[in-house]
Structures are given as C-alpha cells and as structure tokens.
Amino acid sequence: MKVAIGCDHGGFHLKQVIMTFLESKGIPFYDFGGYSEASIDYPDIADPVANAVASGEYDRGILICGTGIGIGIAANKVKGIRAALCHDTFSAHASREHNDANILTMGERIIGPGLAVDIVDVWLTTEFEGGRHLRRVEKIMALEEHES
C-alpha cells in the first residue's frame, strides 16, 4: 500500500507524527506538503493528494488541517474520492469497512497525536466489507455523473 499525505499549516505538526508512524510500519508514502508552519491554503494540498489517489498512483491518502473539515471538503470535490473526517477509531473503522473511504482527514486542533496514530492504524488496516455496502458506495459514486 502506498499513501499520499499532505497538510496545511494547521496540520503540519500532526503530519510529522503520522509520517514517523508510517515509517515505523514500513508503509511507503509521499509527502505532498505543506513543509512548514507557513500559511498555505488547504485546497492547494487537497487537490494533488486527492488526484494522486483518484488516479491510482497512491492507494490511500491522509490529509490534515486544523479541523480536518476544509481539507476534506476540498478533497471530496475530486471525482473518485471518498474522504472521511475521523476523530475516533470507530469512525475510522466504519469509514473503511462501510464506505470504502480512500482519504482520511483529521484535525490537529481537535485530536492529540496518540489518538491520531491509533486512528491511522485502524484506518489503514481495515478492509472494505463490500456486500450491501458496495451497492451504497456505487450509488455515491454515481452522484458524480449527474449534471446540474
């Protein structure tokens, strides 16, 4: 599994923790930025990470901002992305098992590093259950084909 990871300035410190965790598990990843606490707009990070996942270049993505909300909204604008905001392990598990989420979003100002690592671990190790959930995910993906 290859992971694309990125953050804005509000998620910079938590991203460092998550990258250390990924390294410790031997999980390959690529850091799409931000590379410091300097202000950066979250859509400028969400876009390349989401496109890298949607194209299949990376299997999953992790995006972090202050709350995890804005960066997730931006990522979900990319066709093929199912970004899920998770601040607990139950949601992380359900987002993978039931929704086949391919991007995890979190907020550095919301959760601490220990919980964040637990969430990432659960999210990366939980497989999509399929079955009745596949039908629902297919319906979600079909919404992208509607024109207003």
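Analyst: Let's begin with our vocabulary: helices are DSSP runs of H or I with at least four residues, strands are DSSP runs of E with at least two, and both are numbered from the N terminus. Please also keep in mind that this is a predicted model.

User: Thanks! Where is the place of Gly 34 in those terms?

Analyst: Gly 34 sits in the loop between β2 (29-31) and α2 (42-54). The peptide bond that leads from Gly 33 into Gly 34 is cis, with omega near -20°.

User: Which residue has a positive phi although it is not a glycine?

Analyst: That is Asp 100, with a phi of about 50°. You will find Asp 100 in the loop between α4 and β5.

User: Let's try a helix. How many Å should α5 span?

Analyst: Each residue adds 1.5 Å, and α5 has 13 residues (113-125), which gives an expected span of 18 Å. The end C-alpha atoms of α5 are 18 Å apart, in agreement with that.

User: And which residues in α5 are buried?

Analyst: Here is the general idea: an α-helix has 3.6 residues a turn, so residues three or four places apart point the same way. Now the case: Ala 116, Val 117, Ile 119, Val 120, Trp 123 and Leu 124 are the buried ones in α5. Looking down the axis of α5, these buried residues fall within an arc of 160°, so they line one face of the helix.

User: What covers the buried residues of α5?

Analyst: The cover includes the strands β1 (3-7), β3 (60-65) and β5 (103-107), together with the helices α1 (12-24) and α4 (89-97). You can see one piece of this from the α1 side: Val 17 is found in helix α1, and beyond its neighbours within four places in sequence, Val 17 is in contact with Pro 113 and Val 117. Val 17 itself is partly exposed, with a relative accessible area of 30%.

User: How do I read a strand? Which way do the residues of β5 point?

Analyst: In general, the side chains of a regular strand alternate between the two faces of the sheet. In β5, Ile 103, Thr 105 and Gly 107 point one way, while Leu 104 and Met 106 point the other way. Buried means under 20% relative accessible area, and five of the five residues of β5 are buried, so β5 is largely enclosed by the rest of the structure.

User: Which strands pair with β5?

Analyst: β3 pairs with β5 in the parallel sense over five bridges, and Ile 64 stands opposite Met 106 of β5. Strand β4 (residues 83-85) also runs parallel to β5, joined to it by three bridges, with Leu 85 opposite Thr 105. From β4 the chain crosses through α4 to β5, and this β-α-β crossover is right-handed.

User: Which residues does UniProt list for "active site"?

Analyst: The unreviewed UniProt entry lists Cys 65 and His 98. They span 34 residues in sequence and their C-alpha atoms are 24.3 Å apart, so they do not gather at one spot.

User: Is Cys 65 buried or exposed?

Analyst: Cys 65, in strand β3, counts as buried at 4% relative accessibility. Apart from neighbours within four places in sequence, Cys 65 has contacts including Asp 8, Gly 70 and Met 106. His 98 lies in the loop between α4 and β5 and is partly exposed, with a relative accessible area of 30%. Beyond its close sequence neighbours, within four places, His 98 is in contact with Phe 128, His 133 and Val 137.

User: And which residues does the "binding site" annotation cover?

Analyst: In the unreviewed UniProt entry, that annotation covers residues including Asp 8, His 9, Gly 66, Asn 99 and Arg 136. The annotated residues span 129 residues in sequence, and the farthest two C-alpha atoms are 38.9 Å apart, so they do not all gather at one spot.

User: Where does His 9 lie?

Analyst: His 9 lies in the loop between β1 and α1, and at 29% relative accessibility it counts as partly exposed. Not counting residues up to four places away in sequence, His 9 touches Ser 36, Glu 37, Ala 38, Ser 39 and Ile 40. Arg 136, by contrast, has its place in helix α6 (residues 132-142), and Arg 136 is partly exposed with a relative accessible area of 41%.

Conventions. Residues are numbered from 1 along each chain as its sequence is written. This is a predicted model: local features need pLDDT of at least 70, side-chain atom pairs count only at pLDDT 80 or more; totals for chains, interfaces and linings use all residues. Side-chain values use heavy atoms; hydrogens and water are left out. The expected span of a helix is 1.5 Å times one less than its number of residues. Buried means under 20% relative accessible area, exposed over 50%, partly exposed in between (1.4 Å probe, protein chains only). The arc is that of the directions from the helix axis to the C-beta atoms. Contact means heavy atoms within 4.5 Å. Two strands pair if DSSP finds at least two bridges between them. A crossover is right-handed if, with the strands pointing away from the viewer, the path from the first strand over the helix to the second runs clockwise. UniProt positions are given in the numbering used here, feature names are shortened, and annotations may be inferred rather than shown by experiment.
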